Amino acid sequence: MNTLILGVGNLLLSDEAVGVRIVEALGREYRFAPGIELLDGGTAGMELLEAMASRDHIILVDAVRSGNPPGTVVTLKDEEIPTLFGRKISPHQLGLADVLSALHMTGESQKRPPWTGVDPNPPGPRTALPPVVVAAMGEATERILTLLVAVGAPATPLSEQEKAEQAWEGLWRNPI
């Protein structure tokens, strides 16, 4: 199994960071089968080409503008995902659309990977996620876990002991 869970977003624009924050939480809370990679794609575009190439599956996680109230969780698949010239659903869509088009032209990617996200508030220069978006992260995480089960790669929740050990290792590698 060669699967990428790619979180994209700008950490300086609060709601726009939700994709990255969900992928970070997945890494803290779950154990994944070999071949499952979690990646913080930040605001990169074509720089993600190599990381996304030749994957069996890709799951995109991002702020998604679906026209619903802020905090609404959406999962788009196949033709539900607008094309490059369609309506823009994500501030990162242009870069990702370029990458997906390049991968499709070279035969290195599935048709259109599922795109799971949370409807954001209007962007603003703040780093904390607002409560309505934080509240939606659990549902978004569950949808991602369901997508993993569908491709035969279920994740296992970490025990409290494993979470504590992982946090300790993180502090050891990155002292304050």
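## Strand E6 and its partners

In this predicted model, strand E5, which covers residues 73-76, pairs with E6 in the antiparallel sense, and four bridges join the two strands. Within this pairing, Thr75 has Thr116 of E6 as its bridge partner. Strand E4, made up of residues 57-63, also pairs with E6, but here the sense is parallel, again over four bridges. Two positions illustrate this parallel pairing: Leu60 stands opposite Trp115 in E6, and Asp62 stands opposite Gly117 in E6.

Strand E6 itself spans residues 115-118, and it is covered on both of its faces. Trp115 and Gly117 lie on one side and Thr116 and Val118 on the other, and all of these residues are buried. Thus Thr116, the bridge partner of Thr75, is buried, as are Trp115 and Gly117, which stand opposite Leu60 and Asp62 respectively.

## The sheet as a whole

Strands E4, E5 and E6 belong to an open sheet of five strands, whose order is E3-E1-E4-E6-E5 and whose pairing is mixed. The edges of the sheet are formed by strand E3 (36-42) and by E5, each of which pairs on one side only. From one strand to the next, the twist averages 20°. As a general point, the strands of a sheet pair through backbone hydrogen bonds, and they do so in either a parallel or an antiparallel way.

## Helix H1 against the sheet and helix H4

Helix H1 (18-29) follows strand E1 (3-8), with a loop between the two. H1 lies across four strands, namely E1, E3, E4 and E6, and runs at about 135° to E1.

H1 also meets helix H4, which consists of residues 131-150; the axes of these two helices come within 10 Å and cross at roughly 60°. The two helices are therefore oblique to each other, and their crossing is right-handed. On the H1 side the contact involves Val18, Arg21, Ile22 and Leu26, while H4 contributes Val133, Met137, Ala140, Thr141, Ile144 and Leu145.

## An aromatic pair

How many aromatic pairs does the structure hold? There is one aromatic pair, and it is formed by Tyr30 and Phe32, whose rings are tilted, with 6.5 Å from centre to centre and 55° between the planes. Tyr30 counts as buried because its relative accessibility is 18%, which is under the 20% limit used for that term. Phe32 counts as buried as well, because its relative accessibility is 17%.

## Two serines with positive phi

Most residues other than glycine have a negative phi. Against that background, two serines deserve a closer look. Ser14, found in the loop between E1 and H1, has a positive phi near 35° although it is a residue other than glycine. Ser54, which is not a glycine either, has a positive phi of about 55°, and this residue is found in the loop between helix H2 (49-52) and E4.

Which of the descriptions buried, partly exposed or exposed applies to Ser14, and which to Ser54? Ser14 is buried, because its relative accessible area is 0%. Ser54, in contrast, counts as partly exposed, because its relative accessibility is 46%, a value that falls between the limits of 20% and 50%.

Definitions and conventions
Residues numbered from 1 in each chain as written. Predicted model: local features only at pLDDT ≥ 70, side-chain atom pairs only at ≥ 80, totals over all residues. Heavy atoms only, no water. Buried < 20%, exposed > 50% of the residue type's maximum accessible area, 1.4 Å probe, protein only. Pairing = 2+ DSSP bridges. Phe/Tyr/Trp six-rings, centres within 6.5 Å; stacked < 30°, edge-to-face > 60°. Axes fitted to C-alpha atoms, helices over the stretch in contact; angles between N-to-C directions. Parallel < 35°, antiparallel > 145°, perpendicular 65-115°, else oblique. Left-handed = near helix turned anticlockwise from the far one by under 90°. Contact = heavy atoms within 4.5 Å.
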